[in-house]
Amino acid sequence: MGENYTGMLARSTAGHDKGKVYVIFTADDAYVYLVDGKVRTLGKPKKKKYRHIQIIKTKNDIRDINDAGIRRILKEWKKEEVKQED
């Protein structure tokens, strides 16, 4: 793909995890690798095709980050989303 998606947030649009938000850990031509810091850690990311995710244009710096940092990013994003709904 043309863009560098690493560090952006993505929502799953298909599969048993439909609706769940992840951080894109890395990407290649056919797949993105997603992490959430809990079940899908940096050591075992979830592999999904591009057509099964919706990109959320929030760029985060994930160089030198651990699973706790991933959880923090997702928690902060969730707070912002709730504020926007109110």
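## Exercises on a predicted model

At 54% relative accessibility, Val39 counts as exposed, where exposed means over 50% relative accessible area, buried under 20% and partly exposed in between, with a 1.4 Å probe and protein chains only. The model is predicted, so that local features need pLDDT of at least 70 and side-chain atom pairs count only at pLDDT 80 or more, while totals for chains, interfaces and linings use all residues. Residues are numbered from 1 along each chain as its sequence is written, and side-chain values use heavy atoms, with hydrogens and water left out.

**Exercise 1.** Find where Val39 lies in the chain.

*Solution.* Val39 belongs to the loop between β3 (31-35) and β4; strands are DSSP runs of E with at least two residues, helices are runs of H or I with at least four, and both are numbered from the N terminus. As a further step, take Ile55, which stands 16 residues from Val39 along the chain, and note that the two C-alpha atoms are separated by 20 Å.

**Exercise 2.** Describe the aromatic pair that the structure holds.

*Solution.* Begin with the count, which is 1 aromatic pair. Tyr5 and Tyr50 form this pair, with 5.9 Å from centre to centre and 50° between the planes, and the pair is tilted. The rings of Phe, Tyr and Trp (its six-membered ring) pair if their centres lie within 6.5 Å, and planes under 30 degrees apart count as stacked, over 60 as edge-to-face and the rest as tilted. Next, place the partners: Tyr5 is in the segment before β1 (8-12) and Tyr50 in the loop between β4 (46-49) and β5 (53-59), 45 residues apart, so the pair links distant parts of the chain. Finally, Tyr5 is buried at a relative accessible area of 11%, and Tyr50 also counts as buried, at 16%.

**Exercise 3.** Determine which residues make up the largest nonpolar core, and which element gives the most to this core.

*Solution.* A nonpolar core is a set of buried Ala, Val, Leu, Ile, Met, Phe, Trp, Tyr and Cys residues joined through side-chain atoms within 4.5 Å. The largest one has 10 residues, namely Leu9, Val21, Val23, Val35, Ile56, Ile62, Ile70, Ile73, Leu74 and Trp77. Both β2 (21-27) and α1 supply at least two residues each, and α1 gives the most, with 4 residues.

**Exercise 4.** State which charged end sits over the ring of Tyr31.

*Solution.* The charged end is that of Lys47, 4.3 Å from the centre of the Tyr31 ring; a charge sits over a ring if NZ of Lys or CZ of Arg is within 6 Å of the ring centre and within 35 degrees of the ring normal.
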